[in-house]
Structures are given as C-alpha cells and as structure tokens.
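This report is a first guide for a reader who has not met the structure before. Please look over the sequence and the model, and then follow the sections below.

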Amino acid sequence: MCLALTFNYKDQFYFGRNLDLDYHFGELPIVVPRRHVINFKFLPNITLDTALIGIGTVVDGYPLYAEAMNESGLCIAGLNYFPNAYYFPNTTKDNTNLAPYELILYLLGNAKTVNEAKALLTNIRLVAEPFKENMPLSYLHFLLADKTSSIVIEPNEDGIKIYDNPYGILTNNPSFPFHLDNIKMYGNISPEFHVNSFTTLNNLDSFCVGLPARGLPGDPSSPSRFVRSTYLKSQLLKFDLSKANIVKELFHIFYAMSLTNGMCKASSGNFEITIYTSLFDVNNMKFYYSTYEELEIKEIDFKKYLETEDITTFPL
C-alpha cells in the first residue's frame, strides 16, 4: 500500500509519496544525468536531454524507479493496483509498446508537462514483459503531476485510462473513479470546535476537541487513506505558510499516514511498513527522504548532479 500527493502553495510545487511494502527491494535515491542512454525492449534507445531523480533500484546499470522527477518538474509515482492493473500479452505495430517498468522513464524522458504526457499516453500499450525472468511484474497505477495539473494513469483491460485528479492524491486499488465517489461520504467532516447541530433539547457540551472530525477514517485501507490524506492536505492549505517549513509540514502528513510494524499483514505473512517517504521540492530542485529506520529528513540538491558522467546513487 502506498500514498502519493501533490501540494501547491502560491508558486511552489511539491510532490511526494509513502512507499509501503512488506520487504525491501534494494531501494535507494538515484540520479540519472543528462545524455544518459535509456534502452527499451520494443523501441529505439533514447538519449535523455533531461536529468531524473527519485527512488528505486538499479539492476545491471538500469534505473528502475518507483517515483521520479525530471528537470522540468514533471513528477510521477507508481502505486500498487493489483489485481485491477492489466498488461497486454503481445505488442502491436500501431502502438507505442512499453514494458510496465519503462513507463516512468519513457514519460519523463519525452514530456515536460502533464499535457505532453497525455498526448503520449493515448498510444501507449503496456506489455506484460518483466525486466528479468526472475523479477515479477509490478501491477501499478500512477499519479502524474506538474505544477498546474494532476492525472491518474490506470492500465485496465480495455487500455490505459486517464483521469483528471482534482485532489492531487492517489492511494491503491480500487480504481480511481471509486475513490472519487467514496470521498463524497465525508463532506460533513470538520476541524472546527464542537458545534451542536443535533438537538435543541440540550446543549450537548463537548467533552473533548476533535468531535466534528468523528468518522474520519483511520484504518490503513486504501479508501480510508485516500480520504484522510485529502482531509489533512486540505486543512494545511488553509494556513498562511509563507513562514512555514513546508517540507516538514508535508512530512508530518506522510508520517500521520504511515504504516508501523504489526499494523497491516500482507498475503506473504509479513507486515507492511512505510519503508520510506520521499518528497520533491520542484521549485528549488531538491529531493528529501526519510526511512522507517531513520526518520531524520535527508536532502539531495538535484542541481549538483545534472551533468555527472553516470548514474549517481545514495545509500539509505
């Protein structure tokens, strides 16, 4: 289970995620520099004219991102979408055929904005081709965003579906239209101090703060995390953040949404945890992250690595 969100404040733009899993996969921050050559299974290789940064793993020199950003501020994160995600068994000559793990690299290497990515997505066909035989496919949907807009990309059996995302939030299965309907059930939730609108027979004095938010879901399911993170983000946007450390404010939201050991058992029998939290500060081209074992926020200055000779990785 995972959470990804966007955050716009005045002219500032942030994009981040929690990655929740029951195992580690060799994850680490990765910078792919300009002019790096990306190989594709079914397409000609491309030479990047933009650098990329994010967290993923590097296998045989190949960057496999879980989320990433390019220099133009286009950001994308892949989140678990099993069992709804569908990849086709074969290629076709009329489509842009991609293995699922290539989608992040292809979009960030060829688009600078969400609108440019949308145009590319209309012809993309995701083919059930793993990176290696011993590396199973990851069944994902994606949050893609720039400073002006946000969309959800869902590979379904009838092709890739693209949804405008007014909340800038994504969690996991069910499909995004479900979340758009489900959140309507919580329009009464409020952060205000208790107000009695139930009866005039008694004043129903409040015995604690927070009662108007009673019913806000707190369980780790993806529908509940979608609602709760949207609520927390919406309340933060009401504040004057001109003197606030927005990075730390957003990490507080991620930490409030995180999974702790013993909270949620996966089908493997192991417990999922939030193995890391990552955040792109797009305006300043900085990347922040923390891990389950080390909550101290680390910072990488993206600008320093744009022209490096080869891929740069940073130990977690």
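## Threonine 312 and its surroundings

Threonine 312 has a relative accessible area of 18%, and because buried means under 20%, this residue counts as buried. Threonine 312 has its place in strand E18, and, leaving aside residues up to four places away in sequence, it touches Pro29, Ile30, Val31 and Tyr305. The model is a predicted one, and the values given here should be read with that in mind.

## The open sheet

Strand E18 also takes part in an open sheet of eight strands, whose order is E13-E12-E11-E8-E7-E6-E3-E18 and whose pairing is antiparallel. The edges of this sheet are strand E13, covering 159–164, and strand E18, covering 312–313, each of which pairs on one side only.

Within the sheet, strand E6 (residues 52–59) and strand E7 (residues 62–70) run antiparallel and are joined by eight bridges. One of the residue pairings here sets glycine 54 against alanine 68, its bridge partner in E7. Helix H1, made of residues 103–110, lies across E6, E7, strand E8 (75–80), strand E11 (140–145) and strand E12 (150–156), and it runs at about 45° to E7.

## Helix H4

Helix H4 covers residues 222–236, and at 1.5 Å a residue its 15 residues should span 21 Å, a figure that agrees with the 21 Å found between its end C-alpha atoms. Of the 15 residues of H4, 13 are buried, so the helix is largely enclosed by the rest of the structure.

## Aromatic pairs

How many aromatic pairs does the count come to? When ring centres within 6.5 Å are taken as a pair, the count comes to 16 aromatic pairs. In one of them, the rings of phenylalanine 15 and phenylalanine 280 have centres 6.1 Å apart and planes at 40°, so the pair is tilted. Phenylalanine 15 lies in strand E2 (residues 12–21) and phenylalanine 280 in strand E15 (residues 273–281), so this pair ties together parts that are 265 residues apart in sequence. Phenylalanine 15 is buried, with a relative accessible area of 0%, and phenylalanine 280 likewise counts as buried at 0% relative accessibility.

Another aromatic pair is formed by tyrosine 305 and phenylalanine 314, with 5.2 Å from centre to centre and 90° between the planes, which is an edge-to-face arrangement. Tyrosine 305, already met as a contact of threonine 312, counts as partly exposed at 23% relative accessibility, whereas phenylalanine 314 is buried, with a relative accessible area of 14%. Ring pairs also link Phe15, Phe280, Phe287 and Tyr289 into a cluster.

## Cysteines without disulfides

Why does a search of the whole structure find zero disulfides? A disulfide needs a pair of cysteine sulfur atoms within 2.5 Å, and two of the cysteines show how the distances compare with that limit. The sulfur of cysteine 2 has its closest cysteine sulfur in cysteine 264, and because the two are 11 Å apart they are too far for a bond. For cysteine 75, the closest cysteine sulfur is that of cysteine 2, and at 16 Å this is again too far for a bond.

Both of these residues lie out of reach of the surface by the accessibility rule: cysteine 2 counts as buried at 6% relative accessibility, and cysteine 75 is buried with a relative accessible area of 0%.

Key
Residues are numbered from 1 along each chain as its sequence is written. This is a predicted model: local features need pLDDT of at least 70, side-chain atom pairs count only at pLDDT 80 or more; totals for chains, interfaces and linings use all residues. Side-chain values use heavy atoms; hydrogens and water are left out. Helices (H or I, at least four residues) and strands (E, at least two) are DSSP runs, numbered from the N terminus. The expected span of a helix is 1.5 Å times one less than its number of residues. Buried means under 20% relative accessible area, exposed over 50%, partly exposed in between (1.4 Å probe, protein chains only). Two strands pair if DSSP finds at least two bridges between them. Contact means heavy atoms within 4.5 Å. Axes are lines fitted to C-alpha atoms, for helices over the stretch in contact, and angles run from 0 to 180 degrees between N-to-C directions. Rings of Phe, Tyr and Trp (its six-membered ring) pair if their centres lie within 6.5 Å; planes under 30 degrees apart count as stacked, over 60 as edge-to-face and the rest as tilted.
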